[in-house]
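The following exercises are to be worked through with the sequence and the model at hand. Each task is followed by a solution in steps.

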Amino acid sequence: MVAGTALDREWLTSLYKEFHRRPELSGAEEWTAGRIAEELRRFSDWEVTTGIGGHGITAVLRNGEGPTVLFRADFDGLPVAENTGVDYASTHAQLDAQGQRVPTMHACGHDAHTSSALGAMSIIDASREKWQGTVVFLFQPAEEASIGAHRMVNDGLRTIIPRPDVCLGQHVVPGPAGQVYTAPGPVLTSSTTIEITLFGRGAHASMPHRAVDPVVLAASVVMKLQTVVSRELPPGKFAVVTVASVEAGKANNVIPDSARLALSCRFYEESVRTRAVDAIKRIVRSEAAAAGCEREPEFRFLGLLAATDNDSTAYAVVRPHFDEFFGAQSQEMEPWTASEDFSVIPRAFNAPYLFWTVGITPLKQWRRAEAAERLDIDIPSNHNPGFLPDLSTLPVTTQAAALAVLGCLTHQWPGTPAGWSPATGTEASDIDAAAVRRAKVETSQAD
Ligand SMILES: [Zn+2]
Ligand SMILES: [Zn+2]
């Protein structure tokens, strides 16, 4: 069904609905991974590896000398009870990490990412006489837990696939259905979670002179940390330092011997992040010393994610293809305050990357909310029980993925073999358009 045609919309939609009905939690995506692997069997010449870092999968097609381009799609769901009312809504439930049975939902659209990646593969596979190089599709589990990409890298990803010259990824977001948003530079924040333990000296509550009181120390640290963003970082630079949790003491008559703080910090720029983290450490250590602590505070970095910082060359290569193909629907991306582990993959290979977003809200719903100035209230965001991509956007995410991959295959990247040039007799900018436009014709016929 797939091999002969560029894109079969019926197959794409039913595949998407199948994934949507059965979302699985991060790290527990056994069925989803099995279903992806089953679809990959249709692509006979692709070298498929399963079980990378848990349920991770890669598929590689070597098609002559040329650039190596990687496209990544994630496929985990969330512990959310779906409330969309569609006949393909999830009724699935799973045991969470605490052993509790929870309803699951593809509330972040990772099902759309994955089915679109398989759709893009079918376009790329069917047009292989039009391009040369190597294409890698990477299906990543456990994105929501921020561990999936790290696990794949730690499980030998670098020895399983060839080094990509460029990595690509996308995310569905609230926005008019079919709009494709790209931008160079930082587009998603980095996320740094820090757990800090302050060690004082415990004593009877009536004898503070015998204690080094970690409660007073913690209070002073929390207040002093407010100066990191307001006094140390340049005004106008985006930064959030939130002390989200403070824990100390269990009894009213005991001065505890330690206190624990949990910080969540978000940034766009790595230099800002480094400055903020250095300032946090300096302030915490200095406050502990000022309080007379005998033991140094401990810092544990949990869930560290770098910002998604789009490469300007990758942007310059892909954006004209989007502009040409999607016309006015190709738009500038506003930075998103969410964080992603996508960039862990390109960073592992020291490769440039581009991550873009696609609007999936039904147009009528969007326009109505916009007219009422209620976009933030009426439009379900990612992770909301009502978040649901309009089905018309499946071909868009599929075409965007195929276009970007094929566009990058026409570019001479620093790692591309010397002397290589795009397929002879074809204008670089035409190579992708031909294959994807064919897909566009087929999808519009299916309407
Ligand atoms: Zn999410
Ligand atoms: Zn997501």
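**Exercise 1. Locate E373 and state what is unusual about its backbone; then treat H383 likewise.**

Solution. Step one is the location: E373 lies in the loop that joins α10 (363–371) to α11 (375–378). Step two is the backbone angle. In this predicted model, E373 has a positive phi of about 55 degrees, although it is not a glycine. Most residues other than glycine have a negative phi. Step three is the environment: E373 counts as exposed because 9 other C-beta atoms lie within 10 Å, and the limit for this class is 12 or fewer.

For H383, the corresponding place is the loop between α11 and α12. The phi of H383 is also positive, at about 80 degrees, and H383 is not a glycine either. H383 has 14 C-beta neighbours inside 10 Å and is therefore partly exposed.

**Exercise 2. Determine whether A348 is buried, partly exposed or exposed, and list its contacts.**

Solution. First, assign the element: A348 belongs to helix α9 (residues 344–349). Second, apply the count. A348 has 18 other C-beta atoms within 10 Å, so it is partly exposed; a buried residue would need 20 or more. Third, leave aside the neighbours within four places in sequence; A348 is then in contact with V153, L157 and R158. Finally, a distance may be checked: H113 is 235 residues from A348 along the chain, and their C-alpha atoms are separated by 22 Å.

**Exercise 3. Describe how the chain is divided into domains and which residues take part in the contact by class.**

Solution. Begin with the bounds: domain 1 comprises 9–187 + 307–435, and domain 2 comprises 190–305. The C-alpha centres of these two domains lie 38 Å apart. Next, consider the contact, to which domain 1 gives 7 residues and domain 2 gives 9 residues. On the side of domain 1, the residues divide into 3 nonpolar, 3 polar and 1 charged.

**Exercise 4. Identify the largest nonpolar core and the parts of the chain that supply it.**

Solution. The largest nonpolar core has 101 residues, and F71, L168, A276 and V405 have the most contacts inside it. Its largest share, 10 residues, is supplied by helix α12 (residues 394–408). At least three residues of this core come from each of domain 1 and domain 2. The surroundings of F71 can then be listed: apart from residues up to four places away in sequence, F71 touches A117, A120, F137, L168, G169, A401 and V405. A second, separate core has 7 residues, among them V80, M105, A107 and F387.

**Exercise 5. Analyse two helix pairs, α1 with α3 and α6 with α7, by geometry and by contact residues.**

Solution. Take α1 (residues 9–21) and α3 (residues 110–126) to begin with. They pack at an angle of about 150 degrees, with axes 9 Å apart, and their crossing is right-handed. The contact uses L12, L15, Y16, F19 and H20 of α1, together with D111, A112, T114, S115, L118 and G119 of α3. By class, these residues are 6 nonpolar, 4 polar and 1 charged.

Turn now to α6 (residues 214–232) and α7 (residues 270–291). Here the angle is about 150 degrees and the axes are 9 Å apart; α6 passes α7 in a right-handed crossing. Among the contact residues are L217, V221 and L225 of α6 and A276, I280 and I283 of α7. The contact divides into 11 nonpolar, 1 polar and 4 charged residues.

Key. Residues are numbered from 1 along each chain as its sequence is written. Chains are lettered from A and ligands numbered from 1 in the order in which they are written. This is a predicted model: local features need pLDDT of at least 70, side-chain atom pairs count only at pLDDT 80 or more; totals for chains, interfaces and linings use all residues. A nonpolar core is a set of buried Ala, Val, Leu, Ile, Met, Phe, Trp, Tyr and Cys residues joined through C-beta atoms within 7 Å. Helices (H or I, at least four residues) and strands (E, at least two) are DSSP runs, numbered from the N terminus. Domain bounds come from an automatic or database domain assignment. Two residues are in contact if their C-beta atoms, placed from the backbone, lie within 7 Å. Axes are lines fitted to C-alpha atoms, for helices over the stretch in contact, and angles run from 0 to 180 degrees between N-to-C directions. A crossing is left-handed if the near helix is turned anticlockwise from the far one by less than a right angle, and right-handed if clockwise. Ala, Val, Leu, Ile, Met, Phe, Trp, Tyr, Cys and Pro count as nonpolar, Asp, Glu, Lys and Arg as charged, and the others, Gly among them, as polar.
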